[in-house]
Amino acid sequence: MRRSTPETWDDLLAKHGEVLACFGAATDNYWSSGEKQWADVVAPRLALPESPVVMEWGAGSGRLARAALPHVGQLWAYEPADAVRALLAENLAAAARTSLPDDRPGTVAVVIGPEELPLVLPQTLDALYCIFVMHHMDYDALWEFFGFAQERLKPGGVLVYDYINIESKAGASFLARKDRSEWPIYIWHESQLLSLVERRAPRLQLLQVVVGVRDIHVWKATDETP
Ligand SMILES: C[S@@+](CC[C@H](N)C(=O)[O-])C[C@H]1O[C@@H](n2cnc3c(N)ncnc32)[C@H](O)[C@@H]1O
């Protein structure tokens, strides 16, 4: 397991600050922030094979999914909120019409909600990623998510997620904010996530922890299904 050198808060904000404000609403830099985050943060950690089957958990209106599409064989885009999912389907259909490279004519994007999760069969995913979502996930939602990873990742498949670590500057700043919305926000402690994965997803081995504005964990599924 490799623990990366922490970047400073200011470095990270300068690099990725614009993407912290993504929530469905399309701002001027909404799509470009997805391209940048896919290329800089997500894709390098997924170690994707040829024509991979990839899933985004909590895809919103497709900011990252749209950037992922040209690089995958099949994309499962899971979004639980109905209105957001409708927008996601529209955005991915438009992207499939306009931005797929000629050498990927068979790329498939499938937008799903909670009822369709069983369509994703056991050990079929090369990668599962979940970005800017965990602060919406309570303990039960995390339990479901890690159980899904345990079951659906292929041997060697990779899981990447980010979260606001309560021990980090972002976590402390977030707790101190006076302008917090009424929306519940979950700020996890690293040890909570690690012990949850140990219990719920014992196939996963921790590969990397990236310390930043949002910490990132990278896991790899082993062959065994305990
Ligand atoms: C800030 S958006 C991020 C969207 C996308 N991942 C991105 O980076 O642009 C958070 C999304 O997570 C979804 N969400 C909330 N709770 C969730 C859960 N338990 N499981 C999956 N997605 C969830 C919300 O509906 C929303 O679309």
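The face of helix α5 turned away from its buried side carries Tyr139, Asp140 and Gly147, which are exposed. A residue is exposed if 12 or fewer other C-beta atoms lie within 10 Å of its own, buried if 20 or more do, and partly exposed in between, with C-beta atoms placed from the backbone. The model is a predicted one, in which local features need pLDDT of at least 70 and side-chain atom pairs count only at pLDDT 80 or more, while totals for chains, interfaces and linings use all residues. Residue numbers start from 1 along each chain as its sequence is written.

Leu142, Phe145, Phe146, Phe148, Ala149 and Arg152 are the buried residues of α5. They lie on the same side of α5 because they cover an arc of only 150° around the axis; the arc is that of the directions from the helix axis to the C-beta atoms. The cover over these buried residues includes β2 (53–57), β5 (125–130), β6 (153–163), α7 (190–200) and β7 (204–210). Helices (H or I, at least four residues) and strands (E, at least two) are DSSP runs, numbered from the N terminus.

Helix α5 spans residues 139–152, 14 residues in total, and reaches 20 Å from its first C-alpha to its last, close to the 20 Å expected at 1.5 Å a residue. The expected span is 1.5 Å times one less than the number of residues.

Two residues other than glycine have a positive phi, as tabulated here.

| Residue | Phi | Loop | C-beta atoms within 10 Å |
|---|---|---|---|
| Serine 51 | near 50° | between α2 (30–46) and β2 | 13, partly exposed |
| Phenylalanine 132 | near 65° | between β5 and α5 | 21, buried |

Around the ligand there are 19 residues, the closest being Gly58, Gly60, Arg63, His136 and Ala141. A residue counts as near the ligand if its C-beta atom, placed from the backbone, lies within 6 Å of it. This shell divides into 13 nonpolar, four polar and two charged residues. Ala, Val, Leu, Ile, Met, Phe, Trp, Tyr, Cys and Pro count as nonpolar, Asp, Glu, Lys and Arg as charged, and the others, Gly among them, as polar.

Confidence is given as pLDDT, the predictor's score for each residue from 0 to 100. The protein has a mean pLDDT of 85, with 81% of its residues at 70 or more. The highest mean belongs to β5, at 98, and the lowest to helix α1 (residues 9–16), at 43. Over residues 2–25 pLDDT stays under 50, and the model has 28 contacts for them beyond four places in sequence, a contact being two C-beta atoms, placed from the backbone, within 7 Å. Where pLDDT is low, the predicted coordinates should not be read in detail.
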